[in-house]
Structures are given as C-alpha cells and as structure tokens.
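Please look through the model below and follow the chain with the text. The paragraphs start at one residue and work outwards to the whole fold.

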Amino acid sequence: MTTKTLSLTGEISSDNLADTVSSIKEADRTKGPTTLYISSAGGDVIAGMAIWDILRSTINPIITIGLGEVGSMAALLLQAGDWRIMTKNTTMLLHDGQVTMQNKLLDSKVHLTEALRQHDIYITLMAERSKLTKKKVEELCSKETYLSAEEALKLGLVDEIRNPRPYKTFRKRR
C-alpha cells in the first residue's frame with residue numbers, strides 16, 4: 001500500500017485552493033488512505049468549504065492530523081477526515097467567523113444572509129462529526145474557545161491524540 005501524505009498550512013484561501021484540490025485529487029488516484037496534516041489558524045470560508053467537499057468526495061479514506069493550531073475553518077477541515085487526530089500539543093480554536101462589508105445597504109443584507117447560511121453549515125458539520133449538539137457548537141463558537149487535544153477528544157472532535165514518542169538514549173562510542 002502506498003503512503004500518501006499531504007500538508008495544508010498557513011491561511012486557507014482562494015490563492016492556495018487550486019493546488020490543494022489538485023493534490024487531494026492526485027493522491028486519491030492510488031489505493032489506500034491519504035494523510036492530510038493541517039496546521040492553520042483558518043481562513044476563507046468559501047475556499048474551506050470547497051476543500052471540505054473535495055475531501056468528503058474521495059474514494060479512499062482520509063486521515064486528518066492537526067499540528068500546532070487548527071483554528072476556525074482549519075478546525076472544520078480536521079473534521080473532514082474519516083479518522084481525526086490531534087498531536088498532544090495542538091490547540092483547536094472554535095469561534096464565529098468574521099464578516100467585513102463595504103457595500104450599499106441592500107447588498108450588505110444579501111452578504112449577511114449568505115454569511116449566516118455558511119455559519120449554519122459550519123455549525124451543522126461540526127455537530128455531525130462530534131458528540132455535540134448544534135446548540136453546544138453554537139455556544140462554543142459564540143466566543144473564542146481554545147481546546148487542548150484532550151478537550152477536543154472528550155468532545156468528540158477528534159478520534160485520537162498522537163503522543164510524542166519517548167526520548168531515545170544514545171551512548172557515546174569509545
């Protein structure tokens with residue numbers, strides 16, 4: 001079986017969307033699970049949802065591993081894995097998204113309606129993949145909520161915590 005490893009780091013945006021989607025599709029061409037390492041504070045919701053859709057449409061299983069920080073949209077993408085792992089010292093951030101509008105009043109209303117629709121999708125997907133109700137996810141997202149790997153495991157947001165291996169002792173050669 002082939003080992004397929006991908007990384008998603010930095011801001012999730014339309015700038016790196018094409019490369020990310022292409023890498024996932026290419027990895028899915030060969031049999032066996034694909035491991036996706038995620039280390040990101042989050043980013044663009046639309047780009048993130050596109051990555052979610054491609055991860056959930058693969059033929060082969062996806063293993064997602066959170067490293068360092070998985071915040072906001074990156075926390076959702078971690079949920080896209082068939083098996084979800086956080087390393088012991090990783091932090092997950094859940095919060096409401098941000099909306100910036102510089103439009104005419106009626107255009108702003110349209111943008112706000114879409115932002116609320118995307119927010120509802122985010123809440124629904126997080127609840128479906130965890131042990132949490134939509135109401136509990138909304139409560140966690142209503143403020144900046146930082147979770148340790150242990151807390152994320154307890155809430156059903158990950159399936160496993162990957163602990164560091166023990167240190168090896170080396171002897172000097174004489």
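Ala80 is found in the loop between helix H3 (73–79) and strand E4 (83–87). The model that places Ala80 there is a predicted one. Is Ala80 buried or exposed? Its relative accessible area is 0%, and the cut-off for a buried residue is under 20%, so Ala80 counts as buried. Leaving aside residues up to four places away in sequence, Ala80 touches Trp52, Leu55 and Arg56. Ala115 lies 35 residues from Ala80 along the chain, and the C-alpha atoms of the two are separated by 21 Å.

The residues that Ala80 touches lead to helix H2, which covers residues 45–56. How far apart should the ends of H2 be? The helix has twelve residues, and at 1.5 Å a residue it should span 16 Å. The expected span uses one less than the number of residues, because that is how the span is defined. The end C-alpha atoms of H2 are 16 Å apart, which agrees with the expected value. At the N-terminal end, Asp44 caps H2: a side-chain oxygen of Asp44 lies 3.4 Å from the backbone nitrogen of Ile46.

Several residues of H2 are buried, namely Ala47, Gly48, Met49, Ile51, Trp52, Ile54 and Leu55. An α-helix has 3.6 residues a turn, so residues three or four places apart point the same way. Among the buried residues of H2 are Ala47, Ile51, Ile54 and Leu55, and these also take part in the meeting of H2 with helix H1.

Helix H1 covers residues 14–27, and its axis comes within 10 Å of the axis of H2. The two axes cross at roughly 5°. Angles under 35 degrees count as roughly parallel, and H1 and H2 are therefore roughly parallel to each other. On the H1 side, Ser14, Leu17, Thr20, Val21, Ile24 and Lys25 meet Ala47, Ala50, Ile51, Ile54 and Leu55 of H2.

After H2 comes a loop that leads to strand E3, and Thr58 has its place in that loop. With a relative accessible area of 16%, Thr58 is buried. Its side chain reaches the backbone oxygen of Asn60 at 2.9 Å. Not counting residues up to four places away in sequence, Thr58 touches Ile24 and Asp28. Ile24 is also one of the H1 residues that meet H2.

The strands come next. Strand E3 (residues 62–71) pairs with strand E5 (residues 91–94) in the parallel sense over three bridges, and the bridge partner of Gly71 in E5 is Leu93. E5 also pairs with strand E6 (residues 145–148), in the antiparallel sense and over four bridges. Here the bridge partner of Met92 in E6 is Leu147. Strand E1 (residues 4–9) and strand E2 pair in the parallel sense over six bridges, with Tyr37 of E2 as the bridge partner of Ser7. E2 (residues 34–40) is mostly covered, since five of its seven residues are buried.

Now take the protein chain as a whole. Its secondary structure comes to six helices and seven strands, and along the sequence they follow the pattern β-α-β-α-β-α-β-β-α-α-β-α-β. The C-alpha trace spans about 80 × 35 × 30 Å along its principal axes. Of the 174 residues in the protein chain, 42% are buried. Among contacts between residues at least 6 apart in sequence, 70% join residues at least 24 apart.

Key
Residues numbered from 1 in each chain as written. Heavy atoms only, no water. Helix = DSSP H or I, 4+ residues; strand = E, 2+ residues; numbered from the N terminus. Buried < 20%, exposed > 50% of the residue type's maximum accessible area, 1.4 Å probe, protein only. Polar contact = N/O pair within 3.5 Å; in protein donor to acceptor, adjacent residues only side chain to side chain. Pairing = 2+ DSSP bridges. Contact = heavy atoms within 4.5 Å. Axes fitted to C-alpha atoms, helices over the stretch in contact; angles between N-to-C directions. Parallel < 35°, antiparallel > 145°, perpendicular 65-115°, else oblique.
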